[in-house]
Amino acid sequence: VQTCALPILNASVRLTAKGSEYPGVLFYRDATYSGSVSANSSTGLNIDAVGATMFLANSVEKMRITSAGNVGIGTTSPGAILQIASSGGASYANANIWATTSTGNGYFFVGRVGTTSTSDFYAYADATATQFGNAVSKRVPFVTNSAERMRITSAGDVGIGTSSPIS
């Protein structure tokens with residue numbers, strides 16, 4: 001490893017590795033390792049950070065990957081695998097899923113690892129219909145205030161105010 005200071009402004013630097021090593025930049029504060037950026041043809045761009053990896057725009061943090069692997073957009077402390085939060089005083093957060101063409105379809109799937117390829121929940125939209133449900137034999141309850149208000153059974157029976165509708 002060679003160490004050098006690069007007082008370069010508005011220029012690019014090319015790193016070339018020799019042999020089995022791959023090019024990278026290691027970051028230290030005093031003698032303490034802080035992280036690295038490296039690249040190779042098999043794994044692509046690799047970013048390693050002690051702690052969180054943050055993505056900024058105009059010096060403002062927009063996205064973060066924590067050391068636990070949680071991803072936060074609009075939050076500096078995501079409490080789930082993916083958390084999207086509103087920012088800038090907005091009272092809501094949006095996550096949009098769009099087809100790449102105006103004639104395409106939009107899908108949103110929620111499933112469990114290790115299950116079959118069918119989803120536990122899906123939402124779908126195309127030019128003629130919008131639908132949501134599941135692709136497996138399960139009930140679909142509608143819940144408000146932590147209480148089930150309506151249910152569609154896997155047989156297609158609908159119950160309002162009952163969890164056991166009959167046909």
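This is a dialogue between a trainee and a mentor about reading a predicted model.

Trainee: Where should I begin, and what is the secondary structure of the chain?

Mentor: Begin with the inventory of elements, keeping in mind that the model is predicted. The secondary structure comes to zero helices and 13 strands, so that the pattern read along the sequence is β-β-β-β-β-β-β-β-β-β-β-β-β.

Trainee: How many residues does the chain have, and what percentage of them is buried?

Mentor: The chain has 167 residues, and buried residues make up 13% of them. The accessible surface of the chain comes to about 13,300 Å², with 54% of that area belonging to carbon and sulfur atoms. As for contacts between residues at least 6 apart in sequence, 1% of them join residues at least 24 apart.

Trainee: How do I read a sheet, and what is the strand order in the open sheet of three strands?

Mentor: Look at the order, the sense of pairing and the edges. The open sheet of three strands has the order β1-β2-β3, and its pairing is antiparallel. The edges are taken by β1 (24-29) and β3 (44-49), each of which has a single partner strand, so one side of each is left without a neighbour in the sheet. Neighbouring strands of this sheet are turned against each other by 10 degrees on average, direction ignored. Between β1 and strand β2 (residues 32-40) the antiparallel pairing runs over six bridges, and within that pairing you will find L26 opposite S36 in β2.

Trainee: Which two strands form a hairpin with two residues between them?

Mentor: That hairpin is formed by β11 and β12, and N145 in its turn has a positive phi of about 50 degrees. The two strands, β11 at residues 140-144 and β12 at residues 147-152, pair in the antiparallel sense over five bridges, with V143 standing opposite E148 in β12.

Trainee: What should I make of a positive phi, and where does D30 lie?

Mentor: The general idea is that most residues other than glycine have a negative phi. A positive value is therefore worth a second look in such a residue. D30 is found in the loop between β1 and β2, where its phi is near 55 degrees, a positive value in a residue other than glycine; at 78% relative accessibility, D30 counts as exposed. S146 lies in the loop between β11 and β12 and has a positive phi of about 65 degrees although it is not a glycine. S146 is likewise exposed, because its relative accessibility of 77% is over 50%.

Trainee: How do I read a salt bridge, and how many does the structure hold?

Mentor: The general idea is that side chains of opposite charge can pair when their charged atoms come close. The structure holds two salt bridges. In one of them, E61 pairs with R64, and the closest N and O atoms are 2.7 Å apart; in another, E148 pairs with R151, again with the closest N and O atoms 2.7 Å apart.

Trainee: Are the partners E148 and R151 buried or partly exposed?

Mentor: E148 counts as partly exposed at 31% relative accessibility, whereas R151, with a relative accessible area of 14%, is buried. Turning to the other bridge, E61 is partly exposed, with a relative accessible area of 23%, and R64 is buried because its relative accessible area of 17% is under 20%.

Trainee: What surrounds R64, and which residues does it touch beyond four places away in sequence?

Mentor: R64 is found in strand β5 (residues 60-65). Leaving aside residues up to four places away in sequence, R64 touches A52, T53, M54, N70, V71, G72, T75, T76 and P78. Apart from the polar contact of 2.7 Å that joins the side chains of R64 and E61, a polar atom of the R64 side chain lies 3.2 Å from the backbone oxygen of T76.

Trainee: May we close with an aromatic residue: which strand holds F121?

Mentor: F121 has its place in strand β9 (residues 121-125), and with a relative accessible area of 32% F121 is partly exposed. The residues that F121 touches, not counting those up to four places away in sequence, are F108, F109, V110, F132 and G133. The C-alpha atoms of F121 and G111 are separated by 6.7 Å, with the two residues 10 apart along the chain.

Methods:
Residues numbered from 1 in each chain as written. Predicted model: local features only at pLDDT ≥ 70, side-chain atom pairs only at ≥ 80, totals over all residues. Heavy atoms only, no water. Helix = DSSP H or I, 4+ residues; strand = E, 2+ residues; numbered from the N terminus. Polar contact = N/O pair within 3.5 Å; in protein donor to acceptor, adjacent residues only side chain to side chain. Contact = heavy atoms within 4.5 Å. Pairing = 2+ DSSP bridges. Axes fitted to C-alpha atoms, helices over the stretch in contact; angles between N-to-C directions. Buried < 20%, exposed > 50% of the residue type's maximum accessible area, 1.4 Å probe, protein only. Areas by Shrake-Rupley, 256 points an atom, 1.4 Å probe, with all protein chains shown as cover. Salt bridge = Lys/Arg side-chain N within 4 Å of Asp/Glu carboxyl O.
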